[in-house]
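These are my notebook entries from a session of looking things up in one structure, set down in the order in which I took up each topic.

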Amino acid sequence: MGKANHSTRSRRSPAKSVLLHGTLILASLIAIGPIAWVLLSSLKPGYAIQSSQLTLFRDTTLANYSYVLTETNFPRWFLNSVIVAAFTMIIGIFLSATTGYAVSRFNFPGRRPLMMVFLVTQMFPVAILIVPIYTIMARLGLINTMPALIISYLTIAVPFCAWMLKGYFDSIPTSLDEAAALDGCGPFAIFWRVVLPLARPAVAVTAFYTFLTAWGEVAYASAFIQTDNRFTLAYGLQQFVPQFNPQWEYLTAAAVLVTVPAGLVFFFAQKHLVSGLTAGGTKG
């Protein structure tokens, strides 16, 4: 394999190498450019952002961050988002893992239709589901509460994650379950002590996906939350862009702050993400 790769590189012409590296550099600039621009804009005063002259640095200041953190409800929105995302992630992991394990290991009536239902639910756009879920939440008295958001986000995340974890559990030999059963472990003990530790990469993907689902979602938040002190970050950021006087300097500063927790979650989960995403598709 090493010789084949070496021969492929040796046969590549200089023109192809330049084209390949140029394409990669261009793609990187396209991906990183908007992020860098938002970061640089967050360090500029409002008049510099709205100026017709495009400059990377102009009157650099941290006043935007100070205003967002001290003069707005951003800290409260941040806390609300952390609570919603954390509970969505914890409950989502538990429901997805137990559901995926049950479907992978046990034969029961309705097993295949259940998995088909999980797939079908992913075909509906969020906008279609808002009205029926809103009706249910209103009858339960959960409008303008964080449990309404947590339950709504679980309806998005759990079906996909359960299907993915089911595929990962299929790749774990059932002989391990049988060996643990001979040692006296029950079904839940086998799942908790034997199978779940081996599925750590898939669990990391589930944690990352459920966290991001709750962290950046805005449609359900705008429909179910009605008071400022209950806003999540994604919905609260809209307060910086009113119709007639958008405050881009504060919006960009808040946007940078919003990405920090998601970046930390990705940093701790990244070593498991690739293996978790690929291994989940080894068996159907």
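I began with Ile-90 in this predicted model, and asked whether Ile-90 is buried or exposed. Its relative accessibility comes to 55%, and because the cut-off for exposed is over 50%, Ile-90 counts as exposed. I placed Ile-90 in helix H5, and then looked up what surrounds it on the surface. Ile-90 belongs to a nonpolar surface patch of about 720 Å², which is made by Phe-87, Ile-90, Ile-91, Phe-94, Leu-95, Phe-188 and Trp-192. Helix H5, residues 74-105, and helix H10, residues 187-198, each supply at least two residues of this patch, and I noted that H5 gives the most, with five residues.

Next I followed the aromatic rings, since two residues of the patch, Phe-188 and Trp-192, turn up again there. Ring pairs link Phe-188 and Trp-192 into a cluster with Tyr-101, Phe-106, Phe-169 and Phe-191. For the structure as a whole I recorded 17 aromatic pairs. One of them joins Phe-231 and Tyr-235 in an edge-to-face arrangement, with 4.5 Å from centre to centre and 65° between the planes; both of these residues are buried. I also noted a charge over a ring, where the charged end of Lys-44 sits over the ring of Trp-37 at 4.9 Å from its centre.

I then asked how many salt bridges a search of the whole structure finds. The search finds two. In one, Asp-177 is paired with Arg-105, and the closest N and O atoms are 2.9 Å apart. Asp-177 lies in helix H9, residues 174-182, and Arg-105 in helix H5, so this pair ties together parts that are 72 residues apart in sequence. I found both Asp-177 and Arg-105 to be buried. The salt bridge between Asp-170 and Lys-166 has its closest N and O atoms 3.0 Å apart, and here both residues lie in helix H8, four residues apart, or about one turn of the helix. Asp-170 and Lys-166 are likewise buried.

Turning to the loops, I looked up Asn-144, which is found between helix H7 (126-139) and helix H8 (146-170). Most residues other than glycine have a negative phi, and I therefore wrote down the exception with care. Phi of Asn-144 is near 65°, a positive value in a residue other than glycine. With a relative accessible area of 14%, Asn-144 is buried, because the cut-off for buried is under 20%.

A second loop residue, Val-241, has its place between helix H13 (233-236) and helix H14 (248-279). Val-241 is partly exposed, at a relative accessible area of 29%. Although Val-241 and Leu-251 are ten residues apart in sequence, I noted a C-alpha to C-alpha distance of 7.3 Å between them.

Last, I set the record beside the model. The unreviewed UniProt entry lists residues 18-40, 77-103, 115-137, 149-169 and 250-269 under "transmembrane region", and I examined two of these spans. Residues 115-137 are 83% helix and 0% strand, with the end C-alpha atoms 25 Å apart. Residues 149-169 are 100% helix and 0% strand, and there the end C-alpha atoms are 29 Å apart.

Notes:
Residues are numbered from 1 along each chain as its sequence is written. This is a predicted model: local features need pLDDT of at least 70, side-chain atom pairs count only at pLDDT 80 or more; totals for chains, interfaces and linings use all residues. Side-chain values use heavy atoms; hydrogens and water are left out. Patches are made of residues with over 30% relative accessible area and no salt bridge: like charges are joined within 9 Å, nonpolar side chains (Val, Leu, Ile, Met, Phe, Trp, Tyr) within 5 Å. Accessible areas come from the Shrake-Rupley method with a 1.4 Å probe; for residues, only the protein chains shown count as cover. A salt bridge is a side-chain nitrogen of Lys or Arg within 4 Å of a carboxyl oxygen of Asp or Glu. Buried means under 20% relative accessible area, exposed over 50%, partly exposed in between (1.4 Å probe, protein chains only). UniProt positions are given in the numbering used here, feature names are shortened, and annotations may be inferred rather than shown by experiment. Rings of Phe, Tyr and Trp (its six-membered ring) pair if their centres lie within 6.5 Å; planes under 30 degrees apart count as stacked, over 60 as edge-to-face and the rest as tilted. A charge sits over a ring if NZ of Lys or CZ of Arg is within 6 Å of the ring centre and within 35 degrees of the ring normal.
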